[in-house]
Amino acid sequence: MKYDYNIIKKYSLFDGLSEDEIQQFISLMKFETIKDKNIIMKEGDDGDTIVLLLSGEVSITQALTLKNKKAISDNREKVLIRLDASSYPFFGEISLFNEVDKRTATITATSECDIAILDDEDIINLCNKNNSLGYKIMKNLAEKLSSNLEKTNNQVLKLTTVFNLILDN
């Protein structure tokens, strides 16, 4: 399976990159087909890749409880969002910046999916070889992380507002 420049260029990860620069990333990608209901990445597992959803649909979930050694096993999860390939999503970018390299959510295929996998080390090496390319990729990743942080902050604000309303009554 091989995906071409015209598809890959639509991912925000590659905004502002030339065709040659995107082709360099495509040459590093590993392509896989994931069957319906299979897990693409699991919350808490080690992670050292960024994954692009090329076709199909996924659900992104997170545990409802914090994991600790004393807690009784509780594996309830909340679906955060369902995405399909038409929005050109990619996942796993936090592992590029997190020394612990643990996945922060579970991503499960809800249909057969084609994915492209980029190894974090390959990304860093390519960025180190070409600082201009590295700047553009890091800027794109920073924009995604910033957007996700803003959404999370809004969710926390909604939760604290609800809790305050409950406690005030």
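Which residues does Arg103 touch, not counting residues up to four places away in sequence? In this predicted model, the contacts of Arg103 beyond that window are Met41, Lys42, Glu43, Gly44, Asp45, Asp46, Gly47, Asp48, Thr49, Gly92 and Ser95. Arg103 itself is placed in the loop that runs between helix H3 (94–97) and strand S7 (106–109). Its side chain makes a polar contact with the side chain of Thr49, at 2.7 Å. Arg103 is buried but takes part in no salt bridge. The nearest side chain of opposite charge belongs to Asp48 and is 5.3 Å away; because a salt bridge requires a side-chain nitrogen of Lys or Arg within 4 Å of a carboxyl oxygen of Asp or Glu, the pair of Arg103 and Asp48 is not counted.

The protein as a whole contains five helices and eight strands. In sequence order these elements follow the pattern α-α-β-β-β-β-β-β-α-β-β-α-α. The C-alpha trace spans about 60 × 35 × 30 Å along its principal axes. Of the 169 residues, 34% count as buried. When contacts between residues at least 6 apart in sequence are considered, 78% of them join residues at least 24 apart.

The largest nonpolar core has 25 residues, and the members that touch the most other members are Ile8, Phe14, Phe25, Met29, Leu52 and Ile137. Two or more residues of this core come from each of helix H1 (5–8), helix H2 (19–28), strand S3 (49–55), strand S8 (113–119), helix H4 (120–129) and helix H5 (131–168). A second, separate core comprises 16 residues, among them Met41, Val51, Phe91 and Cys113. Met41 also appears among the contacts of Arg103.

Two members of the largest core illustrate its contacts. Ile8 touches Tyr3, Phe14, Ile22, Ile26, Met29, Leu52 and Leu54, with residues up to four places away in sequence left out. Phe25 is found in helix H2 and is buried, with a relative accessibility of 1%. Outside its neighbours within four places in sequence, Phe25 is in contact with Phe14, Leu17, Leu118, Ile123, Leu126, Leu133 and Ile137. Phe14 is thus listed as a contact of Ile8 and also of Phe25. The C-alpha atoms of Phe25 and Phe14 are separated by 9.2 Å, and the two residues are 11 residues apart along the chain.

Charged side chains were examined next. In general, side chains of opposite charge can pair when their charged atoms come close. The structure holds four salt bridges. One of them joins Lys136 and Glu21, whose closest N and O atoms are 3.0 Å apart. Lys136 lies in helix H5 and Glu21 in helix H2, so this pair ties together parts that are 115 residues apart in sequence. The partners fall into separate accessibility classes: Lys136 is partly exposed at 21% relative accessibility, whereas Glu21 is buried, with a relative accessible area of 8%.

A further salt bridge links Glu143 and Lys139, with 2.6 Å between the closest N and O atoms. These residues are four apart in helix H5, and about one helical turn therefore separates Glu143 from Lys139. Glu143 is partly exposed, with a relative accessible area of 42%, and Lys139 is likewise partly exposed at 38%. The side chains of Lys37 and Asp36 also meet in a salt bridge, with an N to O distance of 3.5 Å. Here Lys37 is exposed, with a relative accessible area of 65%, while Asp36 counts as partly exposed at 36%.

Cysteine pairing was also assessed. The count of disulfides comes to zero. Cys113 is buried, with a relative accessible area of 0%, and is included in the second, separate core of 16 residues. Cys127 counts as buried at 7% relative accessibility.

Conventions: Residues are numbered from 1 along each chain as its sequence is written. This is a predicted model: local features need pLDDT of at least 70, side-chain atom pairs count only at pLDDT 80 or more; totals for chains, interfaces and linings use all residues. Side-chain values use heavy atoms; hydrogens and water are left out. Buried means under 20% relative accessible area, exposed over 50%, partly exposed in between (1.4 Å probe, protein chains only). Lys and Arg count as positive and Asp and Glu as negative; His and the chain ends are not counted. A polar contact is a pair of N or O atoms within 3.5 Å; within protein, one must be able to donate a hydrogen and the other to accept it, and residues adjacent in sequence count only if both atoms are side-chain atoms. Contact means heavy atoms within 4.5 Å. A disulfide is a pair of cysteine sulfur atoms within 2.5 Å. A nonpolar core is a set of buried Ala, Val, Leu, Ile, Met, Phe, Trp, Tyr and Cys residues joined through side-chain atoms within 4.5 Å.
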